Amino acid sequence: MAEQQQFYLLLGNLMNPDNSVRKQAEETYDTIPGATKITFLLQAIRDASAAEEVRQMAAVLLRRLLSSSFEEVYPGLTLDIQTAIKTELLACIQLDGSSSIRKKVCDVAAECSLIWINPTVSFCASRNFPGIFGNQQQHYMDVIKRMLVQCMQDQENPQIQTLAARATASFILSNESNMALLKHFSDLLPGILQAVNESCYQGDDSVLKSLVEIADTAPKYLRPNLEAALQLCLKLCGDTNLTNMQRQLALEVIVTLSETAAAMLRKHTAIVAQIPQMLSMMVDLEEDDEWAMADELEDDDFDSNAVAGESALDRVACGLGGKMVLPMIKQHIMQMLQNPDWRYRHAGLMALSAIGEGCHQQMESILNEIVSFVLLFCQDPHPRVRYAACNAIGQMATDFAPTFQKKFHDKVISALLQTMEDQSNPRVQAHAAAALINFTEDCPKALLIPYLDSLVQHLHVIMVAKLQELIQKGTKLVLEQVVTSIASVADTAEEKFVPYYDLFMPSLKHIVENAVQKELRLLRGKTIECISLIGLAVGKEKFMPDASAVMQLLLKTQTDFNDLEDDDPQISYMISAWARMCKILGKEFQQYLPVVMGPLMKTASIKPEVALLDTQDMENMSEDDGWEFVNLGDQQSFGIKTAGLEEKATACQMLVCYAKELKEGFVEYTEQVVKLMVPLLKNLFFKACLFLNPTPSRVRVAAAESMPLLLECARVRGPEYLTQMWHFMCDALIKAIGTEPDSDVLSEIMHSFAKCIELMGDGCLNNEHFEELGGILKGKLEEHFKNQELRQAKRQDEDYDEQVEETLQDEDENDVYILTKVSDILHAVFSSHKEKVLPWFEQLLQLIVNLICPHRPWADRQWGLCIFDDVIEHCSPSSFKYAEYFLRPMMQSLCDTSPEVRQAAAYGIGVMAQFGGESYRPFCTEAIPLLIGVIQAADSRAKENVNATENCISAVGKVMRYRPECVIVNEILPHWVSWLPLNEDKEEAVHTFNYLCDLIESNNPVVLGPDNANLPKIFLIIAEGFANESIKGDDDCSKRLANVIRQVQVSGGLWTQCVSALNETHQKAIQDLLNTA
């Protein structure tokens, strides 16, 4: 008995939220022999006096033990014990009073029945029907289908019909990719739909939930009966006799299909036209007399019909696209906006907010009409309609930026400022301020400046009034938003905010000093943010008189940091404020690092609690407690407690900021930061978390971004320390490139890895690194080609349409971006390790050759050529052994229709001349007329062509400079000079100016002309180049050009002649060059 009680305690510890307690319990459990475990677990399941959660845990563990270790444990049991197990399991199923226990024991019996008896028997017991047939599934296919059909036709037992429909859905979901099977089982779909309908009216939404899962995972299964499925869902959605949850689930089927099978859904125009039904759900609002005066904003009630309808509309617009949704819904919205009932006007405005993202292109063309109409509702008699108008303005300011700001700045700013004066409705005031924040965040600075006086005046008046209200009444909602509005205006206005600095800073400091009560934490945090943003906007000189006092306020808060609760909003505001102060103060911020780093590292080190749970266990855990879940299949879910992850991500980004701003001043902290950041590249739970919360991707991006910055910080410690740090991060970076599932994060990791290689140089990668890296890059290139094939297959799909094509093009751009990062890594490897890496490169050679085939998309050819450009530039003369693969395509690409391809090819000719060696001589000669043809084309200087043209000009210059024997230089030189300067490609501009200096310094008669007659033209070229920042005042090229000018300066008459030919801008450029170089 004592042993059993100890076992119960152990089961309880296995569910303990404390990771250390749970880990110790797991270790103890693993030491118990299998036969003993079975005895104890069965006793726990059958003990009605034991706690429910203990019995459930015992059932879960018994199932795992018998399914994963059956062969090791079961055959060793005596026949009596084996019989007792079966008897006990059947007794539990038949007699136990707890339905959750019975279900879990059914799962155990189903797992065992596959081995004990026969797979078909297990169907009767199991919720996990699909997985029980194992590799025998095909053999039993017809039996399975007959059994399911028979059960779904059992009119006398509705519960059997429901279970059969759910089992069918589970079977479909587990075979989602087997199109032949889905087709074979398509005639069971009407039965599922019938079960959905009947079960909903019996208060059971389980089959409806299964239909949602089918829509999500196997939408094409619904195709034969799609119209019936849509009609059923629309009927259920509109039936007010059903519960809100059931109506919302019915709507979810349609919304999910709009995301997973949009093209299929778009073909059913008549049915889809009924989708505005979701607008009626948005009208489901209650009158609340206290709404307008509320000072605490509660989170949206996501269970409400209004919020569900709005969310659904947003998703449908994004899924089906504006071309279909806007014409379908526009008239409905306009009718709602004219309805005398405020709820309809509110819903119409919220609908406009919801569809902006999905209908972006279509709404943009009628934005003038929409905005004029929406602004009228800022004067609506009902405060919640005015609130909705502000919401629509704020959302459009984000969705259509900066077009929205450019077209409507005068109307919108005026309307929002007027609405912010609504003193009797603080909730509306606050939302007008929130809309102003959205507007100013994306507003071009030049547009905002004329309104600064008016904006500042209004914001200051409201701030002073609301500060008084805070003191007298304790209300703070409007003040919180106004403070953020001030910050946003300052952030956009930058140095133009200097005249208003003294108007706000005393009051803002007063708030930080005195708003210490718990209920004012958010206000204090936002004020700290505002002060730091204003400081960054006005600059160090203006801010410095207050810097000391502000730093002391921040330090005081920092001192109390350990006393702050984990969910205190001040934490993230403080962390960001310190980073801004670092940008303002620069090196002077280093003195505060000892105070700042402790709490920052603590926040960045937050380890979220994670758990692998059975579905039943997941249902017992509340999402209100901060848990989010993703279904992993086989009745298992991955859970993560997301509290603190946002702060963790912000803290990691701030560490990146410190490393970037302080450089060697951050060296004392590089070791502890790199030990924190490197594991964040490879934490496995982040993969599951991708589906739960976007925050972890920000953590991984920050971790990747920090790597080259930390290496730069560590340089001052010497090569040995630097190498140790690099060895610590290198393996993790390579593995992360191979395993990272999020393309946005992957591109950042690849970019950072390339920068690290460039920084560390030759020898930074050993043979093992090269072997692993080669395999990964090969995999990325093969995946690139495979993805292109899959997209081509989708273009042959019966549901293919222009919206699908837009999605495919987005996917293609995403793939190409990863290809650019492969190119970045190869560039870093070639530039640091030179020709000795060519044998390693050969494993990738054929894939790169495939990229430059004439039939490939232009982006493939562009980046394939760029890779071969690097081979020529950094690995010559050995590069010539691969010339048979790339030379002919490179020559042909000089005349390609794509300017990007022409640019890559022209750059290749330039490096061929500069670095290639003797073997490339005939090809330099062959390329010259092709290059000149591109340069002299009628549209060569058009915006889309200019970069390619400038690379051609540079390539001609390089051939003349490094391979003069390949061309008749004196014939080409006058033309070449006439093509200068290069204004777009700054890197190639430096090459051309250096060659020009060579020619001038050698007194080349063709360039200078008789009696230096061409000097005024040369002065103009130099002046244009400097004015366009094609050359910078502090580099060697600028110094050479300045010396050329000074030599002319001493010749009075010639100097006057050259300068007088220049306009005022160019004269200033010449003077600036002389002053800086």
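**Exercise 1. Where is the place of Asn1003?** Once you have found that spot in this predicted model, look at the backbone and the accessibility of the residue.

*Solution.* Start with the location: Asn1003 falls in the loop between helix H51 (986-1001) and helix H52 (1005-1008). Next, check the backbone. Phi of Asn1003 is near 55°, a positive value in a residue other than glycine. As background, most residues other than glycine have a negative phi. Last step, accessibility: Asn1003 comes out at 55% relative accessibility, so it counts as exposed, given that exposed means over 50%.

**Exercise 2. Run the same kind of check on Asp1011: what is its phi, and is it buried or exposed?**

*Solution.* Asp1011 isn't a glycine, yet its phi is positive, about 55°. You'll find Asp1011 in the loop between H52 and helix H53 (1015-1027). With a relative accessible area of 76%, Asp1011 is exposed.

**Exercise 3. Find what kind of peptide bond joins Ala401 and Pro402, then do likewise for Ser876 and Pro877.**

*Solution.* Read omega for each bond. Between Ala401 and Pro402, omega is about -5°, and the bond is cis. Between Ser876 and Pro877, omega is about 5°, again a cis peptide bond. For context, most peptide bonds are trans. Now place the prolines. Pro402 is in the loop between helix H24 (383-399) and helix H25 (403-419), while Pro877 is in the loop between H45 and helix H46 (883-893).

**Exercise 4. Work out how helices H43 and H45 pack.**

*Solution.* Two packed helices are described by the angle between their axes and the distance between the axes, so grab both values. For H43 (residues 802-833) and H45 (residues 858-875), the angle is about 5° and the axes are 9 Å apart. That angle makes H43 roughly parallel to H45, as angles under 35 degrees count that way.

Now list who touches whom. On the H43 side, the residues include Leu819, Leu826 and Phe830; their partners in H45 include Trp863, Ile867 and Val871. Sort the contact by class, and you get 10 nonpolar, five polar and two charged residues.

**Exercise 5. How many aromatic pairs does the structure hold?** Take two of them apart: Phe171 with Phe185, and Trp578 with Tyr592.

*Solution.* The total is 23 aromatic pairs. Step one is the geometry of Phe171 and Phe185: 5.2 Å centre to centre and 50° between the planes, which makes a tilted pair. Step two is where the rings come from. Phe171 belongs to helix H10 (residues 158-174) and Phe185 to the loop between helix H11 (179-184) and helix H12 (189-200), so the pair ties together parts that are 14 residues apart in sequence. Both Phe171 and Phe185 are buried.

Repeat for Trp578 and Tyr592, a tilted pair with 6.5 Å centre to centre and 35° between the planes. Trp578 sits in helix H33 (residues 570-585) and Tyr592 in the loop between H33 and helix H34 (593-604), so this pair ties together parts that are 14 residues apart in sequence. Trp578 has 2% relative accessibility and counts as buried; Tyr592, at 15%, counts as buried too. Finally, Trp578 and Tyr592 form one aromatic cluster together with Phe589, Tyr658, Phe666 and Tyr669.

**Exercise 6. Over which rings do the charged ends of Lys37 and Arg717 sit?**

*Solution.* For Lys37, the charged end sits over the ring of Tyr29, 4.3 Å from its centre. For Arg717, the ring belongs to Tyr721, and the charged end is 5.1 Å from its centre.

Methods:
Residues numbered from 1 in each chain as written. Predicted model: local features only at pLDDT ≥ 70, side-chain atom pairs only at ≥ 80, totals over all residues. Heavy atoms only, no water. Axes fitted to C-alpha atoms, helices over the stretch in contact; angles between N-to-C directions. Helix = DSSP H or I, 4+ residues; strand = E, 2+ residues; numbered from the N terminus. Parallel < 35°, antiparallel > 145°, perpendicular 65-115°, else oblique. Contact = heavy atoms within 4.5 Å. Nonpolar A, V, L, I, M, F, W, Y, C, P; charged D, E, K, R; others polar. Phe/Tyr/Trp six-rings, centres within 6.5 Å; stacked < 30°, edge-to-face > 60°. Buried < 20%, exposed > 50% of the residue type's maximum accessible area, 1.4 Å probe, protein only. Lys NZ or Arg CZ within 6 Å of the ring centre and 35° of its normal.
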